[in-house]
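Open the model in your viewer, with the sequence panel beside it, and follow the stops below in order. At each stop you will be told what to select and what can be found there.

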Amino acid sequence: MDYLLKPINITELKLAVEKARHKISAKQKDHNIDNLLEYIRSGSNAVPKIALPTLQEIMYVRVDDIIRCEASNNYTTFYLQNGGQVLVCKTLKDFAELLKPYNFIRTHQSHLVNQHFVKSLLKEDGGALLLIDQTKVPISRQNRDMVISSINLTLVSGPAS
């Protein structure tokens with residue numbers, strides 16, 4: 001990609017680091033574009049997939065297999081229907097807007113939930129969601145009304161196809 005000679009020139013170092021960042025960023029975007037093109041080619045009946053870049057691989061996971069996402073600093077853990085977990089080195093914010101059209105809702109600063117897996121609304125500690133895998137996900141005070149109305153709307157209209 002690039003190389004530096006001793007003695008290190010700070011300007012050249014900054015340029016080399018920026019070049020590396022740009023290449024890494026472009027590579028990650030390419031995977032998301034490829035995934036989008038695959039979804040478009042497959043037709044509207046196909047279940048969309050999301051690219052989850054881990055340290056070892058880029059996993060393509062069906063959106064409807066994701067139960068919830070949990071943030072931990074600059075990492076996001078995806079909890080899947082088969083009991084698996086995928087740790088991704090991206091923030092929850094990166095995925096919140098991407099998954100919003102697929103009935104995912106931000107219940108808390110650290111939690112994003114697939115509404116299809118909500119079992120019940122718990123009234124304890126200001127509110128929490130009980131999911132089908134028996135996980136309790138907190139609801140922040142500022143998101144409480146939005147979460148409740150969104151879940152009620154989903155229950156009334158039924159799951160989105």
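Begin by selecting strands E1 and E2, which form a hairpin with four residues between them. Strand E1 covers residues 49-53, and strand E2 covers residues 58-62. The two strands pair in the antiparallel sense over five bridges, where pairing requires that DSSP finds at least two bridges between two strands. Within this hairpin, show Ile-50, which stands opposite Val-61 in E2. Four of the five residues of E1 are buried, so this strand is largely enclosed by the rest of the structure; here, buried means under 20% relative accessible area, exposed means over 50%, and partly exposed lies in between, with a 1.4 Å probe and protein chains only.

Before going further, keep in mind that this is a predicted model, in which local features need pLDDT of at least 70 and side-chain atom pairs count only at pLDDT 80 or more, while totals for chains, interfaces and linings use all residues. Residues are numbered from 1 along each chain as its sequence is written, and side-chain values use heavy atoms, with hydrogens and water left out.

Now zoom out and colour the whole chain by secondary structure, which shows three helices and 10 strands. These are DSSP runs numbered from the N terminus, with helices (H or I) of at least four residues and strands (E) of at least two. Followed from the N terminus, the elements run α-β-β-β-β-β-α-β-β-β-β-β-α. Of the 161 residues in the chain, 32% are buried.

Which residues have the most contacts inside the largest nonpolar core? Select Ile-50, Leu-52, Ile-66, Phe-78 and Leu-99, which hold that place in a core of 16 residues. Then add E1, strand E3 (66-72), strand E4 (75-80), strand E5 (85-88) and helix H2 (92-99), each of which supplies at least two residues of this core, with H2 giving the most, four residues. A nonpolar core is a set of buried Ala, Val, Leu, Ile, Met, Phe, Trp, Tyr and Cys residues joined through side-chain atoms within 4.5 Å.

Stay with Ile-66 and display its surroundings: leaving aside neighbours within four places in sequence, Ile-66 is in contact (heavy atoms within 4.5 Å) with Ile-50, Val-61, Phe-78, Tyr-79, Leu-80, Phe-104, Asn-114 and Phe-117. Apart from the largest core lies another core, of 11 residues, among them Ile-67, Ile-105, Val-113 and Ile-139.

Next, select His-111 in strand E7 (residues 111-114), which counts as buried because its relative accessibility is 9%. Beyond its neighbours within four places in sequence, the contacts of His-111 include Arg-68, Glu-70 and Ile-105.

Two of those partners lead to the last stop, the charged pairs. Arg-68 and Glu-70 form a salt bridge, their closest N and O atoms being 3.1 Å apart; a salt bridge is a side-chain nitrogen of Lys or Arg within 4 Å of a carboxyl oxygen of Asp or Glu. Arg-68 is buried, with a relative accessible area of 7%, whereas Glu-70 counts as partly exposed at 25%. Finally, select Arg-62, Asp-64 and Asp-65, which salt bridges with shared partners join into one network. In this network, Arg-62 meets Asp-64 at 3.0 Å, N to O, and Asp-65 at 3.7 Å between the closest N and O atoms.
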